[in-house]
Amino acid sequence: MPSAPGGPRLLLRRLREIMAEPVGAQDRLDKIVRQIAANMVAEVCSVYVMRGDGVLELFATEGLNREAVHLTVMRSGEGLVGLIASTAEPLALSDAQSHPSFSYKPETGEEIYHAFLGVPLLRAGNTLGVLVVQNRTYRVYTEEEVEALQTTAMVVSEMLAAGELQALAPVETGIALRRPVYQKGTALADGVGLGYVVLHEPRVVIKNLIAENVEAELQRLDKAIGEVRVSIDELIERGDVAHHGEHREVLETFRMFAHDQGWLRRMREAVASGLTAEAAVERVQSDNRARMLRQTDPYLRERLHDLDDLANRLLFRLVGRDMVAERSSLPDNAIIVARSMGPAALLDYDRSRLRGLVLEEGGPTSHIAIVARALGIPAVGEVSNATSLTEPGDAIIVDGAAGEVQIRPNADVEAAYAEKARLRAKRQEQYQKLRNVPSVTKDGVEITLQLNAGLLVDLPHLSETGAAGVGLFRTELQFMIAERMPSASDQQALYSAVFAEAGDRPVTFRTLDIGGDKILPYMQAVEEENPALGWRAIRIGLDRPGLLRAQVRALLKAAAGRPLKIMFPMVATCDEFERARTIVEREKSYLSHHGHALPSDLKLGVMLEVPSLLFQLKEICERADFISIGSNDLMQFLFAIDRENRRVADRFDPLSAPMLRALKLVAEQAQALGCQVTLCGEIGGRPLEAMTLLGLGFRSLSMSPASIGPVKAMLLALDVAELSAFLHDELENAGSGDTLRPKLAQFAESRGIPV
Ligand code: PEP
Ligand code: MG
């Protein structure tokens with residue numbers, strides 16, 4: 001086999017010169033293919049570019065018929081070139097024509113060539129095209145040649161990514177860099193946002209692709225690898241890995257990869273072929289990402305993600321922080337795209353410029369989802385490869401209700417979503433108008449609508465929605481988004497700020513509801529078989545009274561001179577409530593003894609979320625000042641369905657007879673015993689469910705801010721007495737656990753009640 005004249009390093013140097021020449025895009029590409037052909041001693045060198053419509057088009061060739069340029073096209077998957085594009089893997093054949101995928105394009109005149117070597121043009125894991133060399137003879141391409149062509153491909157990819165070839169593509173399609181992509185994920189926070197991609201972790205910008213001195217580059221690479229290894233070892237040794245959101249397991253995997261000989265060899269080879277150390281890392285990472293995008297096995301994909309993270313660490317070492325794209329210049333209409341993200345990081349962004357959030361990870365109950373909802377930022381999670389599929393500045397649309405993301409949408413799609421956003425805004429405006437309308441049903445029954453909150457950023461919703469107060473303040477959110485345990489004074493400061501924001505409106509604070517799915521990153525996690533049934537909420541509070549005491553004291557101090565309502569989560573027995581009350585009483589005496597002002601009125605309540613309380617209603621009503629039904633958990637325990645497990649979470653309907661009967665029982669008993677009752681689970685915020693609750697006898701509901709408008713619109717059109725009679729009959733006659741949803745929906749529809 002003839003050896004390449006000058007080898008790959010000389011080729012790269014020549015390419016760099018060509019890149020700098022003041023010539024047009026087509027001329028430059030023609031020169032590049034000529035140079036590659038000469039250097040690789042190939043008779044043919046061609047570049048196929050992926051257009052926006054997914055078709056590969058011959059953009060330049062040395063050796064094939066020149067008339068075929070911009071004429072020969074093939075679909076991804078069609079022919080050898082299409083095969084390379086779809087697999088994103090190189091393909092070397094000594095006799096191309098005997099390969100089953102070979103497809104003959106007569107206009108190219110390629111029938112006389114036998115040997116074929118093609119590599120994908122990759123950028124951030126996406127295939128932008130294919131680079132091919134061909135020889136007349138039945139030649140076998142060596143591994144070094146495959147490597148050299150891949151390195152060369154990287155330079156061509158950069159040229160493509162820089163947009164220089166855009167002008168050569170048909171106007172209608174453009175090149176793949178701009179191809180629209182639709183991704184389905186999980187709805188995290190409602191709303192439609194149109195804007196531009198901002199990568200939460202900006203990519204490293206590699207300015208220098210081609211090595212001046214290969215030896216020096218190898219040394220830089222080795223040094224960086226050594227440093228990364230040491231830093232991982234240190235993280236593992238420090239043991240406070242959870243603090244960084246990285247579990248030990250991930251770090252152990254990092255450590256394993258950092259010593260992976262195959263990975264290291266591939267990067268060293270890329271340097272040996274003439275790339276700088278950072279370009280070599282990027283090249284190998286690009287191959288890895290291409291595999292990641294095609295990997296369906298979640299475990300393997302996760303490992304490839306780990307490798308990607310590791311490569312990023314290496315790039316940061318090599319280029320330093322300065323070369324990381326600046327984050328400070330957040331554009332207007334920014335849509336943040338991230339692999340994963342902590343809630344605190346989201347709060348760091350300028351909210352007035354944020355229009356949406358897209359995450360590769362992050363389920364509906366993740367902390368980031370809670371914060372996105374509180375901030376009113378449309379968010380979609382579990383969007384595969386979101387960070388690889390987007391470039392900073394790309395147009396992007398987030399539909400947080402449907403869980404959809406449109407990347408680089410075409411004009412029609414954009415117009416459709418803009419319309420959707422406009423309609424939504426109009427609806428919001430109508431709800432806004434209801435803000436000061438008294439919350440009274442058509443037949444004159446007064447209903448109290450309150451807000452669920454957990455962060456200070458939730459509080460402005462009080463005046464925006466006209467809610468009567470905060471019916472559930474989830475105090476654990478402060479703990480969940482903090483990097484370390486909030487001190488007693490941190491807690492008191494938050495509660496004081498909440499009171500200040502709430503003004504005259506009452507606030508019901510729930511004591512820490514941690515455990516189960518609510519994990520504090522800085523607290524040692526207790527391994528439990530069934531965390532939802534485990535050591536959580538008031539159980540922790542009573543076993544570790546120091547924590548509960550400190551919180552109660554902070555609440556009492558913050559409420560000095562004002563009315564205060566405290567409730568306890570996950571209470572299963574009257575005794576638990578009594579013990580919690582004793583703690584509060586003791587704190588009260590302590591503060592009073594030490595001359596502190598006390599709340600002007602103190603009410604203590606229980607969350608009814610454990611079914612056992614259904615069978616001690618009389619006793620609990622006699623002891624507690626109020627009951628708040630946590631229907632999310634009550635539903636979970638009543639039907640034995642893990643609310644976090646999407647396979648079962650929606651299996652049973654809260655509008656079925658068993659749940660409705662349980663709710664009715666509480667409403668009636670509490671009323672009969674003169675105990676205030678309210679409901680603060682998600683169902684209170686859904687108009688049809690909320691309507692049903694009023695029919696069952698509830699007169700107070702607490703819900704997320706976005707629900708206040710729709711629920712109020714519903715109740716203004718409702719005749720409660722009529723619904724109560726209807727429900728009474730339906731529940732008497734309901735079959736074996738049937739859902740009443742269709743009948744209730746029919747009830748609403750026939751009476752023009754918006755649900
Ligand atoms: C509930 O369980 O319904 C509830 C309001 O509490 P959380 O969702 O915080 O568990
Ligand atoms: Mg609960």
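Helix α21 gives the largest share of the shell around ligand 1, namely 3 residues. That is my starting point today, and please keep in mind that this is a predicted model. Strand β16, residues 470-474, is another element to look at, since β16 and α21 each supply at least two residues of that shell.

How many residues surround ligand 1? There are 14, and the closest are Arg474, Arg510, Lys518, Asn632 and Arg643. Sorted by type, the shell divides into 3 nonpolar, 4 polar and 7 charged residues.

Now some individual contacts. Asn632 uses its backbone here: one of its N or O atoms lies 2.7 Å from an oxygen atom of ligand 1. Glu609 uses its side chain, with a polar atom 2.9 Å from an oxygen atom of the ligand. Asp633 also brings a polar side-chain atom, at 3.0 Å from an oxygen atom of ligand 1. The protein covers 99% of the 290 Å² of accessible area that ligand 1 has on its own.

Next, the metal. Which residues coordinate the magnesium ion, ligand 2? The answer is Glu609, through OE, and Asp633, through OD, at 2.0 to 2.2 Å. These two residues come from distant parts of the chain, 24 residues apart. Glu609 is in the loop between β19 (601-608) and α20 (617-623), while Asp633 is in helix α21, residues 631-639.

Are Glu609 and Asp633 buried or exposed? Glu609 has a relative accessibility of 2% and counts as buried. Asp633 has a relative accessible area of 3%, so Asp633 is buried as well. The cut-off behind that word is a relative accessible area under 20%.

Asp633 has a further role in this talk. Together with Glu476, Arg510, Asp513, Arg536 and Arg643, Asp633 is linked in a network of salt bridges. Two of those names, Arg510 and Arg643, came up before, among the closest residues to ligand 1. So did Asp633, as a residue that coordinates the magnesium ion.

That brings me to salt bridges in general. A search of the whole structure finds 45 of them. I will go through three.

The pair to begin with is Glu21 and Lys31, whose closest N and O atoms are 2.5 Å apart. Glu21 sits in the loop between α1 (7-20) and α2 (25-39), and Lys31 sits in helix α2, 10 residues away along the chain. Glu21 is partly exposed, at a relative accessible area of 21%. Lys31 also counts as partly exposed, at 28%.

Another pair is Glu217 with Arg220, where the closest N and O atoms are 2.9 Å apart. Both residues lie in helix α5, residues 214-238. They are 3 residues apart, about one turn of the helix. Glu217 counts as buried at 11% relative accessibility, whereas Arg220 counts as partly exposed at 29%.

The remaining pair is Glu587 and Arg553, whose side chains meet at 2.6 Å, N to O. Glu587 lies in helix α19 (residues 574-593) and Arg553 in helix α18 (residues 545-558), so this salt bridge ties together parts that are 34 residues apart in sequence. Glu587 is buried at 3% relative accessibility, and Arg553 is partly exposed with a relative accessible area of 26%.

One contact of another kind. Which side chain does the side chain of Thr186 make a polar contact with? It is that of Glu382, at 2.4 Å. Thr186 is found in strand β8, residues 186-189. Thr186 has a relative accessible area of 12%, so it is buried.

Finally, the chain as a whole. It has 755 residues, and 53% of them count as buried. Its secondary structure comes to 26 helices and 22 strands. Along the principal axes, the C-alpha atoms fill a box of roughly 95 × 60 × 45 Å.

To go back to the start: when you open the model, find helix α21. It supplies 3 residues to the shell around ligand 1, and it holds Asp633. From Asp633 you can follow the polar contact to ligand 1, the coordination of the magnesium ion, and the salt-bridge network with Glu476, Arg510, Asp513, Arg536 and Arg643.

Terms used. Residues numbered from 1 in each chain as written. Chains lettered and ligands numbered in written order. Predicted model: local features only at pLDDT ≥ 70, side-chain atom pairs only at ≥ 80, totals over all residues. Heavy atoms only, no water. Donors = N, O, S within 2.8 Å, 3.2 Å for Na, K, Ca; no water. Helix = DSSP H or I, 4+ residues; strand = E, 2+ residues; numbered from the N terminus. Buried < 20%, exposed > 50% of the residue type's maximum accessible area, 1.4 Å probe, protein only. Salt bridge = Lys/Arg side-chain N within 4 Å of Asp/Glu carboxyl O. Near = heavy atom within 4 Å. Polar contact = N/O pair within 3.5 Å; in protein donor to acceptor, adjacent residues only side chain to side chain. Areas by Shrake-Rupley, 256 points an atom, 1.4 Å probe, with all protein chains shown as cover. Nonpolar A, V, L, I, M, F, W, Y, C, P; charged D, E, K, R; others polar.
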